[in-house]
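Subject: Structure handover

Hi,

Here is the structure for you to look over. My notes follow below it.

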Amino acid sequence: PAPKPVRKGLAHNVRPLILQIFEARKHLQEGQADPALQRILPIIRKWPTWPGAWKLAAEGFLLRGDERLAQQWLTRIENIRSAS
């Protein structure tokens, strides 16, 4: 679920890319790989060094049955971590 404000009366503004992450996760949980990947790829373009987005993409490709491509995305996570 989306995060809630910690105090009453505070404005709560969830950024559009964060909402896309929630939508992508929901699609993955429902077994819908293509809609999930459509939401994940813009996130990767915006935050290319965030391993979480790469993991979501790998999950999407696994769900599609493309283990080779999923492994390539998981390998990118290791590359990102080793570069930091």
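The structure holds three aromatic pairs. Please keep in mind that this is a predicted model.

**Aromatic pairs**

A pair of rings is described by two values, the distance of the centres and the angle of the planes.

Start with Trp47 and Trp50. Their pair is edge-to-face. The centres lie 6.3 Å apart, and the planes meet at 85°. That angle is over 60 degrees, which is why the pair counts as edge-to-face. Trp47 has a relative accessibility of 32%, so this residue counts as partly exposed. Trp50 comes to 34%, so partly exposed applies here too. Both values fall between the 20% limit for buried and the 50% limit for exposed.

Now take Trp54 and Trp73. Their ring centres are 4.9 Å apart. The planes stand at 40°, so this pair is tilted. Trp54 belongs to helix H3 and Trp73 to helix H4, so the pair ties together parts 19 residues apart in sequence. Trp54 and Trp73 are both buried.

Phe61 joins in as well. Ring pairs link Phe61, Trp54 and Trp73 into a cluster.

Trp73 also has a charged partner. The charged end of Arg76 sits over the Trp73 ring, 4.9 Å from the ring centre.

**Nonpolar core**

Which residues touch the most other members of the largest nonpolar core? They are Ile40, Ile44, Trp54, Ala57 and Trp73. This core has 19 residues. Four helices each supply at least two of them: H1 (16-29), H2 (33-46), H3 (51-64) and H4 (67-83). H3 gives the largest share, six residues.

Ala57 is worth a look in the viewer. Leaving aside residues up to four places away in sequence, Ala57 touches Leu37, Ile40, Ile44 and Trp73.

**Chain overview**

The chain has four helices and zero strands. From the N terminus, the order of elements reads α-α-α-α. The chain has 84 residues, and 29% of them are buried.

Consider the contacts between residues at least 6 apart in sequence. Of these, 42% join residues at least 24 apart.

The accessible surface is about 6000 Å². Carbon and sulfur atoms account for 55% of that surface.

**Where to look**

I would open the view on Trp73. This residue pairs with Trp54, lies under the charged end of Arg76 and touches Ala57. Then turn to Trp47 and Trp50 for the edge-to-face pair.

Best wishes

Note on methods
Residues are numbered from 1 along each chain as its sequence is written. This is a predicted model: local features need pLDDT of at least 70, side-chain atom pairs count only at pLDDT 80 or more; totals for chains, interfaces and linings use all residues. Side-chain values use heavy atoms; hydrogens and water are left out. A nonpolar core is a set of buried Ala, Val, Leu, Ile, Met, Phe, Trp, Tyr and Cys residues joined through side-chain atoms within 4.5 Å. Buried means under 20% relative accessible area, exposed over 50%, partly exposed in between (1.4 Å probe, protein chains only). Helices (H or I, at least four residues) and strands (E, at least two) are DSSP runs, numbered from the N terminus. Contact means heavy atoms within 4.5 Å. Rings of Phe, Tyr and Trp (its six-membered ring) pair if their centres lie within 6.5 Å; planes under 30 degrees apart count as stacked, over 60 as edge-to-face and the rest as tilted. A charge sits over a ring if NZ of Lys or CZ of Arg is within 6 Å of the ring centre and within 35 degrees of the ring normal. Accessible areas come from the Shrake-Rupley method with a 1.4 Å probe; for residues, only the protein chains shown count as cover.
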